[in-house]
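Here is a short tour of one structure, with a few residues, a helix pair and two empty spaces as stops along the way. Please keep the viewer open as you read.

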Amino acid sequence: WFLFPAQLVLFQLALCRLGVGIGEAACVPPSQSAIADYFPADRRASALAIFSLGIPLGSAMAYLVGGWLIANFDWRTAFWMLGAPGILAALALKLTVREPPRSGTQVTPPSFGATLKALSSKHSFWHVAFGGALISFVGYGSSQFLGSHIVRNYNLGDTLAIELSHASYALALVAGISTALGTFLGGYLSDRLAPKHARVNSWLPALGVAIAIPFYILSFMQTEFLWAFIFLMIAPIFHYMYLGPMYAVTMGVSTPLQRATSVAILILIVNLIGYGLGPPFIGAANDFFAAQQLSNVGLTLAQCSDAVNGAACASAQGLGLKYALGTTILFLAWAAVDFLLAGRTLLRDRIA
């Protein structure tokens, strides 16, 4: 097939994105399996939580650095500056990290089917996987729209560019401080409380998301950005306490040679529901609530292309996104129930 220049660029960008996806898919499961071998069970949740800090810290860097790169360099240079450190990190990993010793006499890893069959009887794993997927449904979905929510509902500058930059800096603080703190605390508290509370990996995430719900709702209810931002800084601390415990449960119900495949199955479930359904759900809910607001003044979404209706449409879109985000946050309650249900069989399902 002959590719025109624009098509060739698109094809190359698609290959780059595919490579990033393959790299992530190939990195996370074996990395977590290795961490589980390096650290004993009583320190595993903390170790896995520290590993998971890459997500919020990377997001914070993206908010802070991404816009600056695009503003000061062309997009090709930005790709090189972001990609080259990854190659250096891969070389450093290869040269400095050794394969951890594994207990047991089996040297041939079980097949995917065998691992899936072994997990099929682990009810705690499926409850944690579905609970984590619901939390990701909220997290991945809201993260795609929080910037738009801030821009639409709060006046942060005289121009759209200034508003976008201010929203980006605010979200960088949320990701880099609150989300990172919650991720670490979830693992740390889980390990500290485990000697006295054997089911802490079940009830701690449930408690966290239950506390996060009212803070999110309070944030979306505010008309002043300062208060909205304060509550938005508090909520993720509790929201993201689930990551370390979720992975620790997965490690605990799997044999050493099944851990990487078990994490891969977990991530598949989490991403299919979180990435696959979260953003489309909020987008559809936004359109629904915005249409409801517009109907009150005799307008439709189709009429928003007319500049005459700009003020009414902007108000409706802002309120619509507020209601969409608030509705989505309620799914955290469902996730809390699933984590609590995991506690019923958690001790029975554990292997190590």
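Helices here are DSSP runs of H or I with at least four residues, numbered from the N terminus. With that naming in hand, the largest share of the lining of the second largest pocket comes from α2, with 4 residues. Please keep in mind that this is a predicted model.

**The second largest pocket**

This pocket has a volume of about 220 Å³. It is lined by 15 residues, and those closest to its centre are A41, A194, N201, A248 and R350. Two or more lining residues come from each of α2 (41-52), α7 (160-193) and α10 (243-252). By residue type, the lining divides into 8 nonpolar, 3 polar and 4 charged.

**The enclosed cavity**

Now for a space with no way out for the probe. A search of the whole structure finds 1 cavity of 30 Å³ or more, and the volume of the largest cavity is about 30 Å³. Its lining is made up of H149, I150, Y154, S219, F225, A228, F229 and L232. Which elements each supply at least two of the lining residues? They are α6 (123-153) and α9 (225-239), and α9 gives the most, with 4 residues. This lining has 6 nonpolar residues, 2 polar ones and no charged ones.

**A helix pair**

Next, please turn to helix α8 (residues 200-221) and helix α12 (residues 310-329). Their axes come within 10 Å and cross at roughly 175°. An angle over 145 degrees counts as roughly antiparallel, and α8 and α12 are therefore roughly antiparallel to each other. On the α8 side, the contact is formed by I213, Y216, I217, F220 and M221, which meet K322, L325, G326 and I329 in α12. The residues of this contact divide into 7 nonpolar, 1 polar and 1 charged.

**Three residues to look up**

The table sets three residues side by side by place and relative accessible area.

| Residue | Place | Relative accessible area |
|---|---|---|
| Q32 | helix α1 (residues 5-38) | 1%, buried |
| S136 | helix α6 | 3%, buried |
| N296 | loop between α11 (259-295) and α12 | 61%, exposed |

Let us begin with Q32 in helix α1. Is Q32 buried or exposed? Buried means under 20% relative accessible area, and Q32 is therefore buried, with a value of 1%. Leaving aside neighbours within four places in sequence, Q32 is in contact with L48, F51, Y247, M251 and V263.

S136 sits in helix α6, and at 3% relative accessibility S136 also counts as buried. With neighbours within four places in sequence left aside, the contacts of S136 are G141, Y242, V270 and G274. A further partner to locate is L332, 196 residues away from S136 along the chain: the C-alpha atoms of these two are separated by 9.3 Å.

N296 belongs to the loop between α11 and α12. Exposed means over 50% relative accessible area, so N296, at 61%, is exposed. The C-alpha atoms of N296 and A316 are separated by 9.8 Å, with the two residues 20 apart along the chain.

Terms used. Residues are numbered from 1 along each chain as its sequence is written. This is a predicted model: local features need pLDDT of at least 70, side-chain atom pairs count only at pLDDT 80 or more; totals for chains, interfaces and linings use all residues. Side-chain values use heavy atoms; hydrogens and water are left out. Axes are lines fitted to C-alpha atoms, for helices over the stretch in contact, and angles run from 0 to 180 degrees between N-to-C directions. Angles under 35 degrees count as roughly parallel, over 145 as roughly antiparallel, 65 to 115 as roughly perpendicular and the rest as oblique. Contact means heavy atoms within 4.5 Å. Ala, Val, Leu, Ile, Met, Phe, Trp, Tyr, Cys and Pro count as nonpolar, Asp, Glu, Lys and Arg as charged, and the others, Gly among them, as polar. Buried means under 20% relative accessible area, exposed over 50%, partly exposed in between (1.4 Å probe, protein chains only). On a 1 Å grid over the protein atoms alone, a cavity is a set of points where a 1.4 Å probe fits but cannot get out, and a pocket is an open set with protein on both sides within 12 Å along at least five of seven lines; lining residues have an atom within 4 Å of a point. Grid points are joined across faces, edges and corners, and a volume is the space filled by probe spheres set on the points.
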